[in-house]
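Let's take a walk through a protein together. Keep the picture open beside you and follow along as we go from place to place.

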Amino acid sequence: MTRADELTTNLDVVRRRISAACEAAGRDPGEVSLVVVTKFFPASDVRLLADFGVTDVGENRHQEAEAKAAECADLGLRWHFIGGLQSNKAGAVATYADVVESVDRVKLVGPLSRGAHARGHDVDVLLQVSLDPPGAHRSGADAADLAELARRVGEADRLRLRGLMAVAPLGEDPQRAFARLAGIRRDFLAEHPEATVLSAGMSGDLEAAIAHGATHVRVGSAVLGPRPAVQ
Ligand SMILES: *Cc1c(COP(=O)(O)O)cnc(C)c1O
């Protein structure tokens with residue numbers, strides 16, 4: 001089997017899973033976008049994915065993302081930055097990313113805005129909200145801090161507040177975690193009705209995320225295969 005065959009087969013399976021999950025939730029499959037997470041995989045895979053109709057790709061490490069986005073600049077893809085952001089890298093990320101999904105603190109807003117301004121393009125922003133129990137934080141803002149963060153993004157030049165992103169905590173039933181997320185999002189939408197994006201769900205839990213309102217799923221290994229163990 002060639003790499004192209006492998007990717008089309010996997011993409012087909014994932015697209016069917018998304019359709020089935022939408023059907024089960026009584027949602028239109030057109031409401032859910034697939035972001036293929038290409039971290040650890042080469043630009044040649046990104047090219048194949050673009051051939052097979054993928055429009056959105058996700059990366060979580062700045063150097064890798066920057067190089068791949070440059071190599072694939074001719075493909076017209078939307079690049080989503082989904083990884084932990086350092087404030088000293090945020091400006092650079094905003095020069096190639098179309099969507100930054102992992103904005104979880106006010107300190108990132110200034111550098112992102114300046115990077116987007118320098119590049120002369122708008123950057124869509126999702127606020128990453130933590131679903132972890134208090135104290136056990138991996139990344140993401142506390143739900144209580146979203147209002148202030150949203151206000152700062154809303155005031156920033158060249159940044160467009162589009163919605164929320166979350167990752168289900170390890171070891172918790174994703175149905176429970178995403179039910180909690182749906183509640184956080186309901187409150188958030190009441191204040192920001194235009195910020196309708198909800199990025200949630202990965203290879204293992206996209207069905208649960210779609211059941212709880214995800215508009216974007218971020219799928220890596222189910223499309224590209226297992227990543228190397230070292231992260
Ligand atoms: C790697 C990654 C994904 C994709 O994970 P898979 O389990 O391979 O689908 C999704 N979201 C984030 C934030 C990631 O870092």
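Start with the strands: β3 and strand β4 (residues 99-103) run parallel to each other, paired over 2 bridges. If you want a spot to look at, find Phe81, whose bridge partner in β4 is Val100. To get from β3 to β4, the chain goes by way of helix α4 (residues 87-96), and this β-α-β crossover is right-handed. Before going on, keep in mind that what you're looking at is a predicted model.

Now look at β3 from its pairing with β2. Strand β2 (residues 56-59) and strand β3 (residues 78-81) are also parallel, and 4 bridges join them. Here the helix on the route is α3 (residues 62-71): the chain passes from β2 through it to β3, again in a right-handed β-α-β crossover. Phe81 turns up here too, as the bridge partner in β3 of Glu59.

While you're at helix α3, pick out Gln63, which is part of this helix. Is Gln63 buried or exposed? Gln63 counts as exposed because its relative accessibility is 65%, and the cut-off for exposed is over 50%. For a sense of distance, try Pro174: it sits 111 residues from Gln63 in sequence, and the two C-alpha atoms are 31 Å apart in space.

Next stop, helix α5, which spans residues 109-119 and includes Ser113. With a relative accessible area of 10%, Ser113 falls under the 20% cut-off, so it counts as buried. What does Ser113 touch, leaving aside residues up to four places away in sequence? The answer is Ala156, Asp157, Arg158 and Leu159. Ser113 has company, too: the buried residues of α5 also include Val109, Pro111, Leu112, Gly115 and Ala116. And what do the buried residues of α5 pack against? Their partners are α4, β4, β5 (123-128), α6 (146-155) and β6 (159-165). Just past the end of α5 you'll find Gly120, with a positive phi of about 75°.

Follow the chain into the loop between β5 and α6, and you'll come to Ala143. Ala143 counts as partly exposed because its relative accessibility is 38%, which lies between the 20% and 50% cut-offs. Not counting residues up to four places away in sequence, Ala143 touches Val129 and Ile184. You can also look from Ala143 across to Leu181: these residues are 38 apart along the chain, while their C-alpha atoms are separated by 9.3 Å.

Last of all, let's visit the ligand. Which residues surround the ligand? They are Val37, Lys39, Ile82, Met202, Ser203, Arg218, Val219, Gly220, Ser221 and Arg227. Zoom in on some of their polar atoms. In Lys39, a polar side-chain atom is 2.7 Å from an oxygen atom of the ligand. Ser203 has a side-chain N or O atom 2.5 Å from a ligand oxygen atom. With Arg218, the ligand atom is a nitrogen, and a polar side-chain atom of Arg218 lies 2.9 Å from it. On its own, the ligand has 390 Å² of accessible area, and the protein covers 87% of that.

How values were computed. Residues numbered from 1 in each chain as written. Predicted model: local features only at pLDDT ≥ 70, side-chain atom pairs only at ≥ 80, totals over all residues. Heavy atoms only, no water. Buried < 20%, exposed > 50% of the residue type's maximum accessible area, 1.4 Å probe, protein only. Contact = heavy atoms within 4.5 Å. Pairing = 2+ DSSP bridges. Right-handed = clockwise from strand over helix to strand, strands pointing away. Near = heavy atom within 4 Å. Polar contact = N/O pair within 3.5 Å; in protein donor to acceptor, adjacent residues only side chain to side chain. Areas by Shrake-Rupley, 256 points an atom, 1.4 Å probe, with all protein chains shown as cover.
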